[in-house]
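Here are a few friendly notes to read alongside the model. Take them one at a time, and keep the 3D view open as you go.

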Amino acid sequence: MKNFGIFGCGNIANVHAMAIRSISGAKLVGCADVVMKAAATFAENYRIRYYDNLQHMLQDPEIDIVCVCTPNGTHAEIAIEVLKADKHVIVEKPMATTTIDCDKMIEAAKKSKGKIMVISQLRMSNSVVRAKEIIENGQIGKIILCSLSMPYYRSEEYFHNSWRGTIKMDGGGALMNQGIHGVDLLQYMVGRAKKIKSIVKTLAHNIEVEDAAVCALEFENGAVGVIQATTAVNPGFDREIRIYGTNGCIFLRENKLEKLIIDGEEQAGELFIAKGNANDAALVTEEEHAKQIRRFVRALEGQDYDYVDGPEGRKAVEIIERIYWAGREDRD
Ligand SMILES: NC(=O)c1ccc[n+]([C@@H]2O[C@H](COP(=O)([O-])OP(=O)(O)OC[C@H]3O[C@@H](n4cnc5c(N)ncnc54)[C@H](O)[C@@H]3O)[C@@H](O)[C@H]2O)c1
């Protein structure tokens, strides 16, 4: 049995709590937050104990794994504390807001008895698992072209009086916060980016980070692609990923495999639909989180499961950081 604690008792903490509860061999036992009232209410809701700070949670010998569900800019420091206590840590996306911080976390994991997993739950969706398999089997041939479109909407209230939209705590906007899932899926399926050119803008919100970005990429495998992302288009539209190869194509719309062509033939009956919608964070369900956390628990039990570890979680942060650098001269 692996016992869990959650640090940061806001929106996504509920998804973690429900996911943990659905996993055999996992038990949620405690929580903490910088706002004690938030921890107390969360503890009452899930009938668990709460601690008055992180250190007290880490001192509890019963806690094996801590889920870090706090603002992006705090992930590195908190995860490193957990690892120093020789506990395992599950960090929400983005792993951290800079690759420097990701590297510090990876180093801390090397020195710890604890291991690190980064949440990128959409890798677990049936459509992505299938798309990855098709690409790796070479069924769409050599990848030539790809595109990722994330035309989302976030209201001004969403950012108002919040850590969201700040450089220090959010680390970025349409890409680093709302868009990192799409960027991670693109790099997961297509590979590492060699060259990046970009334009990064804040066009419609009163925030420090970007709400619009476009980017052209050349991948190490020779493919070329584009990314477009925003949080400023009302009412917001679906995330779309299109990957075209010499032998076919894969289109993903949200968590649905929308089109699959192999050897010029449309593959019928291959449409996977999952719940959740990237345009509305409130619609994130626990299903994919549960799949990811279950794999981590099984791996810790010694079973042969891979999971999104530190170096793997760093990849999307690295691409986004490079998009920011490449687009810097275009910032106002
Ligand atoms: N995987 C997903 O699909 C998904 C969806 C939403 C959010 N997230 C991620 O989850 C994390 C939390 O997002 P949220 O929407 O739950 O935010 P939230 O604001 O609802 O909750 C954050 C919690 O952390 C606490 N907190 C604030 N500052 C803190 C600090 N300095 N140290 C410790 N705790 C602090 C707050 O009191 C709050 O209870 C973010 O990293 C976000 O990117 C992931």
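1. A word to start with: a residue is called buried if 20 or more other C-beta atoms lie within 10 Å of its own, and exposed if 12 or fewer do. Please keep in mind that this is a predicted model.

2. Try helix 2, which covers residues 36-46. Which of its residues are buried? They are Ala 39, Phe 42 and Tyr 46. Looking down the helix axis, you will find these buried residues within an arc of 70°, so they line one face of the helix.

3. Now turn to the face of helix 2 that points away from the buried side: there you meet the exposed residues Lys 37 and Glu 44. The buried residues, for their part, pack against helix 1, strand 2 (26-32) and strand 3 (49-50). Just after helix 2 comes Arg 47, with a positive phi near 55°.

4. Next, the largest nonpolar core, which has 97 residues. Among those with the most contacts inside it are Phe 7, Val 68, Ala 79 and Ile 90. Domain 1 (2-121) and domain 2 (123-279 + 310-330) both give residues to this core, so it lies between them.

5. Val 68 is a good residue to click on. Leaving aside residues up to four places away in sequence, its contacts include Phe 7, Gly 8, Ala 79, Ile 90 and Glu 92.

6. Finally, look around the ligand, where 22 residues gather; Gly 8, Gly 10, Asn 11, Ile 12 and Glu 92 come nearest. Helix 1 (residues 11-21) gives the most to this shell, with 3 residues. By type, the shell has 11 nonpolar, 8 polar and 3 charged residues.

Terms used:
Residues numbered from 1 in each chain as written. Predicted model: local features only at pLDDT ≥ 70, side-chain atom pairs only at ≥ 80, totals over all residues. Core = buried A, V, L, I, M, F, W, Y, C linked by C-beta atoms within 7 Å. Domains from an automatic or database assignment. Contact = placed C-beta atoms within 7 Å. Near = placed C-beta within 6 Å. Helix = DSSP H or I, 4+ residues; strand = E, 2+ residues; numbered from the N terminus. Nonpolar A, V, L, I, M, F, W, Y, C, P; charged D, E, K, R; others polar. Arc of directions from axis to C-beta.
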